[in-house]
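Here are some exercises to work through with the model open beside you. Try each task before you read its solution.

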Amino acid sequence: MTRNRFFDICVHAPLALFQALLFAYLGAAVLGWAWNQNAGATAYFVPSSYWISDMVLQIRHHESGDDPMIVFHRTVRKRFVGNYITEFRSQDKVGFEVCPTDGVGRYEPNPQNLWTARLSVYTDGCNIPPGCWVADTTIEFPAWSGASKSVSVRSAPFSVSDEGSVKNHCDPPAPAAQL
């Protein structure tokens with residue numbers, strides 16, 4: 001074997017292999033760093049429905065002072081911890097809100113897609129006065145790399161009547177008599 005052939009096999013081949021592996025390693029490191037830097041940005045493109053969707057909040061008509069069960073239909077796809085904010089808005093008086101509540105909830109997949117609780121959980125025991133109301137609930141939760149997502153749901157209007165009254169404050173008024 002000639003000296004050049006020996007030099008090519010024993011020196012150049014391992015050196016070329018080392019250079020190829022080093023290039024692959026450095027390339028992977030740069031791509032990994034870029035992926036990590038971009039992870040926060042990619043979280044903005046993943047919709048909140050990846051975690052939770054199909055939300056319906058039902059609160060039945062009730063008398064002032066009652067603590068009815070509320071029903072929250074929702075599809076939780078991925079387990080997460082989120083902050084919720086609930087506000088009760090008057091449908092009778094524009095801009096009038098009562099009983100704002102916030103808290104932390106653990107949201108986990110549930111085969112029935114159902115969650116029930118007493119209204120007092122959402123009001124911290126505050127009594128909603130008589131009238132026609134809707135509940136606005138927003139759930140905010142962290143996504144990847146510190147980005148946050150939020151979802152909101154508004155209940156159908158529900159009536160709170162005076163004790164002993166059966167008046168539904170959400171019924172549309174009777175049409176005026178035609179003259």
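**Exercise 1. Decide whether E108 is buried, partly exposed or exposed, and find its salt-bridge partner.**

Step 1. Start with the cut-offs: buried means under 20% relative accessible area, exposed over 50%, and partly exposed in between (1.4 Å probe, protein chains only). E108 has 40% relative accessibility, so it counts as partly exposed.

Step 2. Look for a salt bridge, that is, a side-chain nitrogen of Lys or Arg within 4 Å of a carboxyl oxygen of Asp or Glu. The side chain of E108 meets that of R79, at 3.9 Å from N to O.

Step 3. Place the two partners, with helices (H or I, at least four residues) and strands (E, at least two) taken as DSSP runs numbered from the N terminus. R79 is in the loop between strand 3 and strand 4 (80–90), and E108 is in the loop between strand 5 (97–107) and strand 6 (114–118), so the salt bridge ties together parts that are 29 residues apart in sequence.

Step 4. Check the partner too: R79 has a relative accessible area of 61%, which means that it is exposed.

A note on the ground rules: this is a predicted model, where local features need pLDDT of at least 70 and side-chain atom pairs count only at pLDDT 80 or more, while totals for chains, interfaces and linings use all residues. Residues are numbered from 1 along each chain as its sequence is written, and side-chain values use heavy atoms, with hydrogens and water left out.

**Exercise 2. Trace the salt-bridge network that includes R154 and D136.**

Step 1. Begin with R154 and D136, whose side chains meet at 2.6 Å, N to O. This pair links distant parts of the chain, with R154 in strand 8 (residues 148–154) and D136 in strand 7, 18 residues apart.

Step 2. Ask how covered D136 is: its relative accessibility is 14%, so D136 counts as buried.

Step 3. Follow the shared partners: E87, R89, E97, D136 and R154 are joined into one network. Within it, R89 and E87 have their closest N and O atoms 2.5 Å apart.

Step 4. Compare with the cut-offs again: R89, at 26%, is partly exposed, and E87, at 23%, is partly exposed. The full count comes to five salt bridges.

**Exercise 3. Find the phi of D54 and say where this residue lies.**

Step 1. D54 is not a glycine, yet its phi is positive, at about 50 degrees.

Step 2. D54 belongs to strand 1 (residues 52–59), and its 54% relative accessibility makes it exposed.
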